[in-house]
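This report introduces one protein structure to a reader who has not met it before. Please keep the sequence and the model in view while reading.

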Amino acid sequence: MKKDVTVTKRYYSIKEVAFLLGESESTLRYWEKEFPDVISPRRNERDVRFYSKENVDNVALIQYLIRDCGFTLEGVRKRLKNDKGKESAANHAFILQCLKKIKAELEILEDALDEVEKKIRQKNAL
């Protein structure tokens with residue numbers, strides 16, 4: 001499962017973005033070439049990339065459209081050209097992220113309840 005993408009720093013290295021999103025650095029570089037209008041990290045004099053919060057959000061949106069929705073690169077391009085399409089996709093991605101978070105919390109609660117039930121059974125067996 002992907003990491004919770006909560007951006008708190010001003011700039012992130014490509015390695016940090018790759019870790020946050022569970023993607024390879026080469027995939028991020030590829031997407032950067034495919035979507036130069038959407039992903040445009042700053043570069044220093046040594047050509048090291050620095051991703052802003054907006055860049056990280058856009059990469060996460062592209063990842064969502066490709067990985068979760070099954071869009072092709074061309075489909076993603078069309079979706080991102082339209083501001084409403086981009087906003088809609090971002091909303092869906094956010095909702096999906098929230099639902100995954102809720103699911104993980106429910107699984108933790110379920111495990112805790114299973115432990116309590118197990119202890120009650122052990123106590124009643126005595």
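Leaving aside its neighbours within four places in sequence, with which residues is Asn55 in contact? With those neighbours set aside, Asn55 is in contact with Val38, Ile39, Ser40, Pro41 and Phe50, where contact means heavy atoms within 4.5 Å.

## Basis of the description

The model is predicted, so that local features need pLDDT of at least 70 and side-chain atom pairs count only at pLDDT 80 or more, while totals for chains, interfaces and linings use all residues. Residues are numbered from 1 along each chain as its sequence is written, and side-chain values use heavy atoms, with hydrogens and water left out.

## Asn55 and its setting

Asn55 is placed in helix H3; helices (H or I, at least four residues) and strands (E, at least two) are DSSP runs numbered from the N terminus. With a relative accessibility of 6%, Asn55 counts as buried. The term buried stands for under 20% relative accessible area, exposed for over 50%, and partly exposed for values in between, with a 1.4 Å probe and protein chains only.

## The nonpolar core

The largest nonpolar core has 24 residues, and the members that touch the most others are Leu28, Trp31, Tyr51, Ile62 and Leu80. Five helices each supply at least two residues of this core: H1 (14-21), H2 (25-34), H3 (53-68), H4 (73-81) and H5 (83-125). H3 gives the most, with eight residues. A nonpolar core is here a set of buried Ala, Val, Leu, Ile, Met, Phe, Trp, Tyr and Cys residues joined through side-chain atoms within 4.5 Å. In soluble globular proteins, nonpolar side chains tend to be buried together.

Ile62 illustrates the contacts of one core member. Apart from neighbours within four places in sequence, Ile62 is in contact with Trp31, Phe35, Val38, Ile39, Val76 and Leu80. Val38 and Ile39 are also among the residues in contact with Asn55.

## Salt bridges

How many salt bridges does the structure hold? There are 10 salt bridges, each being a side-chain nitrogen of Lys or Arg within 4 Å of a carboxyl oxygen of Asp or Glu. In one of them, the side chains of Glu25 and Arg29 meet at 3.8 Å, N to O. These two residues are four apart in helix H2 and therefore separated by about one helical turn. Glu25 is partly exposed, with a relative accessible area of 30%, and Arg29 is partly exposed, also at 30%.

Another salt bridge joins Arg121 to Glu117, at 2.8 Å, N to O. Being four residues apart in helix H5, Arg121 and Glu117 are likewise separated by about one helical turn. Arg121 is exposed, with a relative accessible area of 58%, whereas Glu117 is partly exposed at 38%. Elsewhere, salt bridges that share partners join Glu32, Arg43, Asp47 and Arg49 into one network. Within this network, the closest N and O atoms of Arg43 and Asp47 are 3.2 Å apart. Arg43 is partly exposed, with a relative accessible area of 35%, and Asp47 is partly exposed at 46%.

## Helix H5 and its surface

Phe94, Ile95, Leu99, Ile102, Leu106 and Leu109 make a nonpolar surface patch of about 610 Å². Patches consist of residues with over 30% relative accessible area and no salt bridge, with like charges joined within 9 Å and nonpolar side chains (Val, Leu, Ile, Met, Phe, Trp, Tyr) within 5 Å. Accessible areas come from the Shrake-Rupley method with a 1.4 Å probe, and for residues only the protein chains shown count as cover. One of the patch members, Ile102, lies in helix H5 and is partly exposed, with a relative accessible area of 45%.

Asn91 also lies in helix H5 and counts as partly exposed at 41% relative accessibility. Its C-alpha atom is 20 Å from that of Leu73, a residue 18 places away along the chain. Glu117, in helix H5 as well, has its C-alpha atom 44 Å from that of Lys53, with their positions 64 residues apart along the chain.

## Cysteines

Why does the count of disulfides come to zero? A disulfide is a pair of cysteine sulfur atoms within 2.5 Å, and the sulfur of Cys69 is 15 Å from the closest cysteine sulfur, in Cys98, which is too far for a bond. Cys69 is partly exposed, with a relative accessible area of 37%, and Cys98 is partly exposed at 28%.
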